[in-house]
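Q: I am new to this structure and would like a close look at a single part of it. Could you set the scene and then walk me through that part?

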Amino acid sequence: MPSRIVVAADALQWMEENAPPPGASVVTSLPDVSEMSGMALEPWKAWFVEAARRAITWVPEDGVAIFFQSDIRHGGAWIDKGHLVHLAGDAAGATLLWHTIVCRKPPGTIALGRPSYSHMLCFVRGQGAGVHSHAPDVLPEAGAMPWSRAMGTEACRVACRYLVKATATRVVVDPFCGKGTVLAVANAMGLDAIGVDISEKRCKAARRCVV
C-alpha cells in the first residue's frame with residue numbers, strides 16, 4: 001500500500017532541514033495573504049515568490065513542482081498568483097512545462113469574490129521530466145473539494161496522472177498540505193505521499209483524508 005506521512009511543521013524550515021526523497025515531486029497550493037496572520041500585501045507577495053522558488057529548487061532535477069493557485073482581489077486590486085509563480089520559476093532558473101486553467105465555475109460566470117478559475121502550473125529545473133508531455137490547457141471543473149480551500153479532486157488527479165505518465169515520480173510532497181486532498185489522491189493513484197502543514201488540526205485531517 002502507498003505510504004502517507006504528515007508532519008506538523010513550517011514548510012520552508014522543513015524543506016531546509018530535509019532533503020527530498022528519491023523520485024519526489026511537489027504538488028501544492030501556497031497560502032494567500034488572508035491566511036498569513038495579518039501580513040500586509042507586499043510582504044506576502046515577497047514571501048510567496050520566495051516560498052515557491054524554494055519549493056521548485058528543493059525538487060530533484062528529475063522531478064517537477066506543480067502549483068495550484070487561485071487569484072484574489074485585495075483592496076480593489078487583482079492579484080495574479082500565476083504571475084507570482086512565474087516570477088519564482090524565473091528566479092529558480094526553471095522551465096514552465098505547462099499551464100492549465102481550472103474552471104471553478106462554468107465558463108462565462110462573473111464572479112464577485114474569488115475568480116471562477118484557478119491556475120495549475122508545472123515547472124522543471126532539469127531536462128528529463130516531461131518536456132514533451134503536457135496536461136490539458138483547460139480543465140472544465142476542479143472536482144469535489146473535501147474542504148473549502150482544497151485543490152479539487154479532479155485537478156489533483158490531473159497533476160498526479162501527469163506525474164505517473166511523464167516523470168519518474170514515486171513520492172508526491174505537498175509542503176502546504178492543508179487537509180490532505182493531494183495526499184489522498186496521490187495514494188489512490190499508487191504514489192507515496194508526504195504532507196507538511198503548520199496546523200496540527202489540519203495535519204490530523206490530512207492523515208485521515210480519503211477520496
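**A close look at one residue**

A: Let us start with the whole chain, which has six helices and 10 strands; helices (H or I, at least four residues) and strands (E, at least two) are DSSP runs, numbered from the N terminus. This is a predicted model, in which local features need pLDDT of at least 70 and side-chain atom pairs count only at pLDDT 80 or more, while totals for chains, interfaces and linings use all residues. Residues are numbered from 1 along each chain as its sequence is written, and side-chain values use heavy atoms, with hydrogens and water left out.

The C-alpha atoms fill a box of roughly 45 × 35 × 35 Å, taken along the principal axes. Of the 211 residues in the chain, 52% are buried, where buried means under 20% relative accessible area, exposed over 50%, and partly exposed in between (1.4 Å probe, protein chains only).

Now to our chosen part, Ile56, which sits in helix 2 (residues 41–58). Ile56 has a relative accessible area of 2%, so it counts as buried. What does Ile56 touch, not counting residues up to four places away in sequence? Its partners are Ala65, Phe67, Ala88, Gly89, Ala92, Ala94, Phe123 and Arg125, a contact being heavy atoms within 4.5 Å. Looking the other way along the chain, Ser25 is 31 residues from Ile56, and their C-alpha atoms are separated by 9.2 Å.

Contacts like these can be set beside the whole chain: among contacts between residues at least 6 apart in sequence, 72% join residues at least 24 apart.
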